[in-house]
Amino acid sequence: QSQDKMLKVEKNNENRSLKTNRLFPTANKNRLFPTANKPDPMPQNLAFLFTKITPEQMMYMWNVLTAIFVAQVLMVIAYSCALAAFPEHWWTCTLLFGVPFSYIAIQQIYIDHDVMHGATFPVYEFQKFLTHPFADFFSLPWEEFVLEHNRHHASTVDLLIQGEFGWDPEEFHYALQQWAGPFSTNWPKYLLTVPWIPVIQWWMHFPDEGAGGKCNKEFWSKWVPRRVKHNAFVLTLWA
């Protein structure tokens, strides 16, 4: 198996987890995880779960993501116009903007997740910048977002046991949330949870170091420019 940290699955000679001693799911030649057992006969309401996504459906998913981004930008513009026209109704304008914007942002990350698994590559190059620019002031580029999530699935087969088969970049994030406690009384602690994923858990671990502990040969030529471009777009949008 690969010794690269991003690809390595940590298990013993018996194919069991070093953390829990649970047997690693048996893979077939084409997949890391086992193929799902299809019901037979197949219930009509479950058939879509076992159907391969078509190119038309992939394009549709990316179009939905793009439409959500356009809607978010228009909502921000509408909010600023509303504040300019009705400065004395700040709370009304803010609630009319904030509640729907929060809802659409939550739906966006759900769709991001489905697109990541089912239609990883965007139809147009510019669409990779539109996937989650309002998530934070800085974030991972789409390509690294996908890699980070794949690393998460490779090491965490059971979501209740983080990092069961190796390093999980999201494990520290969950630990911080558990440390923070109830949000209502510990909300300042939650300010620490989100930024630590891209800054500490990913940027400081990826890409893997080169031979002899040297800097990865593509770090400055590939990964840094990609991160700068993505976050420049994000900061421009927020500004």
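Does Arg 22 count as buried, exposed or partly exposed, and at what relative accessibility? Select Arg 22 to begin: at 34% relative accessibility, this residue counts as partly exposed. Keep in mind throughout that you are looking at a predicted model.

**Stop 1: from Arg 22 to Glu 164**

Now add Glu 164 to your selection. Glu 164 and Arg 22 form a salt bridge, with 2.7 Å between the closest N and O atoms. Arg 22 sits in the segment before α1 and Glu 164 in the loop between α3 and α4 (171-180), so this pair ties together parts that are 142 residues apart in sequence. Glu 164 has a relative accessibility of 2% and therefore counts as buried. In total, the structure holds five salt bridges.

**Stop 2: helix α3**

Next, select residues 142-155, which make up helix α3. At 1.5 Å a residue, its 14 residues should span 20 Å, and the end C-alpha atoms are indeed 20 Å apart. Ten of the 14 residues are buried, leaving α3 mostly covered; among them are Phe 145, Val 146, His 149 and His 152.

**Stop 3: α3 meets α7**

Keep α3 on screen and show Arg 227 and Glu 144. Their side chains meet in a salt bridge at 2.8 Å, N to O. Arg 227 belongs to helix α7 and Glu 144 to helix α3, so the pair ties together parts 83 residues apart in sequence. Both Arg 227 and Glu 144 are buried.

Then move to Arg 226, which forms a salt bridge with Glu 143, the closest N and O atoms being 3.8 Å apart. This pair also links helix α7, home of Arg 226, with helix α3, home of Glu 143. With 22% relative accessibility, Arg 226 counts as partly exposed. Add Glu 125 and Lys 128 to see one network, in which salt bridges with shared partners join them to Glu 143 and Arg 226.

**Stop 4: aromatic rings**

There are 16 aromatic pairs to explore. Try Trp 62 and Trp 142: the pair is edge-to-face, 5.4 Å centre to centre, with 75 degrees between the planes. Trp 62 is in helix α1 and Trp 142 in helix α3, 80 residues apart, and both are buried.

Phe 206 and Trp 223 make another edge-to-face pair, at 4.7 Å centre to centre and 80 degrees between the planes. Here the loop between α6 (196-202) and α7 (219-238) supplies Phe 206, while Trp 223 lies in helix α7.

For a cluster linked by ring pairs, select its members, including Phe 69, Tyr 79, Phe 97, Phe 233 and Trp 238.

**Last stop: the surface**

Finish with Met 42, Leu 46, Phe 48 and Leu 49, which make a nonpolar surface patch of about 390 Å². Leu 49, in the segment before α1 (55-85), counts as exposed at 54% relative accessibility.

Conventions
Residues are numbered from 1 along each chain as its sequence is written. This is a predicted model: local features need pLDDT of at least 70, side-chain atom pairs count only at pLDDT 80 or more; totals for chains, interfaces and linings use all residues. Side-chain values use heavy atoms; hydrogens and water are left out. Helices (H or I, at least four residues) and strands (E, at least two) are DSSP runs, numbered from the N terminus. The expected span of a helix is 1.5 Å times one less than its number of residues. Buried means under 20% relative accessible area, exposed over 50%, partly exposed in between (1.4 Å probe, protein chains only). Patches are made of residues with over 30% relative accessible area and no salt bridge: like charges are joined within 9 Å, nonpolar side chains (Val, Leu, Ile, Met, Phe, Trp, Tyr) within 5 Å. Accessible areas come from the Shrake-Rupley method with a 1.4 Å probe; for residues, only the protein chains shown count as cover. A salt bridge is a side-chain nitrogen of Lys or Arg within 4 Å of a carboxyl oxygen of Asp or Glu. Rings of Phe, Tyr and Trp (its six-membered ring) pair if their centres lie within 6.5 Å; planes under 30 degrees apart count as stacked, over 60 as edge-to-face and the rest as tilted.
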